[in-house]
Amino acid sequence: MTFYDVYTQYSWDEIRQQLNDTTPEQVVQSLGKSKRNLTDFLHLISPAARPFLEPMAQLSQQLTHKRFGKTIQLYTPMYLSNECHNICTYCGFSIDNNIRRKTLTPIEIEQEINLLKGQGYDHILLVTGEANHTVNLRYFEQAIKQIRTSFSTLSIEVQPLEQNEYKVLAQLGVYAVLVYQETYHEAVYKQYHPKGKKSNFRYRLETPDRIGQAGIHKIGLGVLLGLEDWRVDSFFTALHLDYLQKTYWKTKYSISFPRLRPAEGNVEPNFIMEDIDLLQLMFAYRIWNEDIELSISTRESEWFRDHVIGLGVTSMSAGSKTNPGGYSVDQGSLAQFETCDQRSTAAIYQLIQSKGYEPIWTDWNQSYANSSF
């Protein structure tokens, strides 16, 4: 059994109808519980919950402080390659975009390592396009062996792999794997991914199962907010998370909230997600699941990131470059998407401190494994 077997028991249209049918009384009931289930999460992301954002924010803050303390993990992505064999209509790396492709060499990787270590980072996220002939397991093995000794924790966001390949990466010291479904709307998934291995909806959907079976310490989930109705997509993300936590209960989990940003040749958002919508979604996740890590990237504006600290987020990227070698090697190579918050790492560090929080560079799960809040 995999998550696909669970997924097929649910209807996109029925979930959308349940969201629209939710009443304010149901929202109040869900907020009043001490332990909440998926139905409560559905209530909290519904249109009916919009008038309750203030009590949701207060509760989200309380639960975050209880579980994580007043800390924010800082991380930054290191893009190793923009080569890709997929057509994804929203991505700058899509194979049908006529751009200069680049994959970092060991010498160039070392340059990036030195710069990021100089900025104080001890937690790194490695990112590539999905080009199996170029950035494959052999390339990952070589890069990870080179990078791993310089950082306390190392995460990856690459193409879906087989279970035995994830086991190899786990043995090399990979701490977390991030894999985003993009959208759980199977009927339109193919429209966004018309060519390449990524067009296989089920294979991608079952990737977290293979990661969990391989014993990776942490799995990151998310959807690309803007492709489809964010409320329905987020319910299916939560359904996926619920299944994974019950099946691979030793594994840690995180949720990211990437909103569709401008990129080379990409589509306009199909559904607009406003700042207030993203706040509601973050609060709902925290209230429903106290243990989940919530991550906000530099896709978001300075204003939003300034104000979201303390309201549920547990990790933030800073000073991000979304092109291979973008920190020191090749600042002109094509980026996967435009970042919005372009402030320096030092500026974000100072911002977090000014809010009364402690910025940490390593993964909080390791730093606070024996702590209780």
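Here is a friendly walk through a predicted model, told as questions and answers.

User: How many helices and strands does the protein have?
Analyst: Happy to start with the overall picture. The C-alpha atoms fill a box of roughly 60 × 45 × 35 Å along the principal axes. Within the protein, the secondary structure comes to 16 helices and nine strands.

User: What radius of gyration does the protein have, and what would a compact globule have?
Analyst: The chain has 373 residues, and a compact globule with that number would have a radius of gyration near 21 Å. The protein agrees with this, because its own value is 20 Å.

User: What share of the residues counts as buried?
Analyst: Let us look at the surface before the interior. The protein exposes about 15,000 Å², and carbon and sulfur atoms supply 47% of that area. A residue is called buried when its relative accessible area is under 20%. Of the 373 residues, the share that counts as buried is 61%.

User: Among contacts between residues at least 6 apart in sequence, what percentage join residues at least 24 apart?
Analyst: Here a contact means heavy atoms within 4.5 Å. Taking the contacts between residues at least 6 apart in sequence, the part that joins residues at least 24 apart is 75%.

User: How far apart are the mean positions of the positive and negative charges?
Analyst: The protein has 36 positive and 42 negative charges. The mean positions of these two sets are separated by 5 Å.

User: Which residue meets Arg259 in a salt bridge, and is that partner buried or partly exposed?
Analyst: The structure holds 18 salt bridges. In one of them, the side chains of Arg259 and Asp275 meet at 2.5 Å, N to O. This pair links distant parts of the chain, 16 residues apart, with Arg259 in the loop between strand 6 and helix 13 and Asp275 in helix 13. Arg259 is buried because its relative accessible area is 12%, whereas a value of 27% makes the partner, Asp275, partly exposed.

User: Which aspartates form salt bridges with Arg343?
Analyst: Arg343 forms a salt bridge with Asp306, with the closest N and O atoms 2.9 Å apart. That pair is 37 residues apart in the chain, with Arg343 in the loop between strand 8 and helix 15 and Asp306 in helix 14. Arg343 also meets Asp341 in a salt bridge, at 2.7 Å, N to O. The aspartates asked for are therefore Asp306 and Asp341, under the 4 Å limit for a salt bridge.

User: Why does Asp341 count as buried?
Analyst: The limit for a buried residue is a relative accessible area under 20%. Arg343, its salt-bridge partner, is buried at 18%. Asp341 is buried too, because its relative accessible area is 2%.

User: What is the phi of Glu182, and which residues share its network of salt bridges?
Analyst: Glu182 sits in the loop between strand 4 and helix 9, and it is buried, with a relative accessible area of 9%. Most residues other than glycine have a negative phi. Glu182 is not a glycine, yet its phi is positive, about 75°. Its network of salt bridges links it with Glu130, Lys198 and Arg204.

User: Which residues does Gln163 touch, leaving out those up to four places away in sequence?
Analyst: Gln163 lies in helix 8 and counts as partly exposed, with 25% relative accessibility. Its C-alpha atom is 9.4 Å from that of Gly215, a residue 52 places away along the chain. The residues that Gln163 touches are Arg210, Gln213 and Ala214.

Technical notes. Residues numbered from 1 in each chain as written. Predicted model: local features only at pLDDT ≥ 70, side-chain atom pairs only at ≥ 80, totals over all residues. Heavy atoms only, no water. Helix = DSSP H or I, 4+ residues; strand = E, 2+ residues; numbered from the N terminus. Buried < 20%, exposed > 50% of the residue type's maximum accessible area, 1.4 Å probe, protein only. Rg over C-alpha atoms; globule rule 2.2 N^0.38 Å. Areas by Shrake-Rupley, 256 points an atom, 1.4 Å probe, with all protein chains shown as cover. Lys, Arg positive; Asp, Glu negative; His and termini not counted. Charge placed at Lys NZ, Arg CZ, Asp CG, Glu CD.
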